[in-house]
Amino acid sequence: MLKVRNTTATKTIDAVRLRKVVDVNPPAEILTVRIRTADGLKTIWRKPGVLSAISESSPYGAVASGTAQGVQTSSAEVIVSGGFPPYTYAWTRTDADPATWNAVNPTQAVCPFIAASVDPEEIQSSTWECDVEDSRGNTITSNEITATAQNFGTGL
């Protein structure tokens, strides 16, 4: 039901007639609903955008130790637009042995990572992506990001 108000009263509209502009078979999906007023066309409904997800982060962490250490990186963040909130998140490692790295918050949009053991004067990296699902079951996978962990050693 749609209520429309003019300067003197409110009128309830129970139905809207759609005018077919182009003959499409099957019918085209409705993306926008507009009404014409004295001020011109007004958009009263727009289909939510297509689900998309991107991460622009390059998480990095470092320690300075003469022995092998676990190293936590800064956080990666996946930015989601479109679809239907709320969203669920699942960070997964896309390279090599996933047992050597862990996602700290694998079900959150913002997630740091931990390299289990980084030897002195060693740099390790791993690539990650995030699967995002909206409340209606639409899914998308973010671009890959690279997390880097470094142990500077004791160096002189």
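Q: Two strands count as paired if DSSP finds at least two bridges between them. In this predicted model, how many residues lie between β9 and β10 in their hairpin?
A: Let's start with the pairing itself: β9 and β10 run antiparallel over three bridges, which passes the cut-off because at least two are needed. One of the bridge partners is Trp 101, matched with Ala 115 in β10. Together the two strands form a hairpin, and the number of residues between them is six.

Q: Which residue in β10 stands opposite Gln 72?
A: Here we look at another partner of β10, namely β7, which pairs with β10 in the antiparallel sense over six bridges. Across from Gln 72 in β10 stands Ile 114.

Q: How many helices and strands does the protein chain have?
A: Walk along the chain from its N terminus and you meet β elements one after another: β-β-β-β-β-β-β-β-β-β-β-β-β. The tally is zero helices and 13 strands.

Q: How many residues make up the largest nonpolar core?
A: Residues with the most contacts inside this core include Val 78, Tyr 89, Trp 91 and Trp 128. Each of β7, β8, β9, β10, β11 and β13 supplies at least two of its residues. Nonpolar side chains in soluble globular proteins tend to be buried together. The size of this core, in residues, is 21.

Q: Which residues of β9 (101-103) does Trp 128 contact, leaving aside its neighbours within four places in sequence?
A: Trp 128 is one of the residues with the most contacts inside the core. Its wider list of contacts includes Trp 91, Phe 113 and Ile 145. Strand β9 spans 101-103, and the contacts of Trp 128 there are Trp 101, Asn 102 and Ala 103.

Q: Is Thr 67 buried, partly exposed or exposed?
A: Thr 67 sits in the loop between β6 and β7, where it touches Val 118, Pro 120 and Asn 151, not counting residues up to four places away in sequence. Its relative accessibility is 46%. Buried would need under 20% and exposed over 50%, so Thr 67 counts as partly exposed.

Q: How far apart are the C-alpha atoms of Thr 67 and Asp 119?
A: Along the chain, these two residues are 52 residues apart. In space, their C-alpha atoms are separated by 6.3 Å.

Q: Which strand has the highest confidence?
A: The chain averages a pLDDT of 80, and 68% of the residues score at least 70. Confidence is lowest in β1 (residues 2-5), with a mean of 59. At 96, the highest value belongs to strand β6.

Terms used. Residues are numbered from 1 along each chain as its sequence is written. Side-chain values use heavy atoms; hydrogens and water are left out. A nonpolar core is a set of buried Ala, Val, Leu, Ile, Met, Phe, Trp, Tyr and Cys residues joined through side-chain atoms within 4.5 Å. Buried means under 20% relative accessible area, exposed over 50%, partly exposed in between (1.4 Å probe, protein chains only). Contact means heavy atoms within 4.5 Å. pLDDT is the predictor's confidence in each residue, from 0 to 100.
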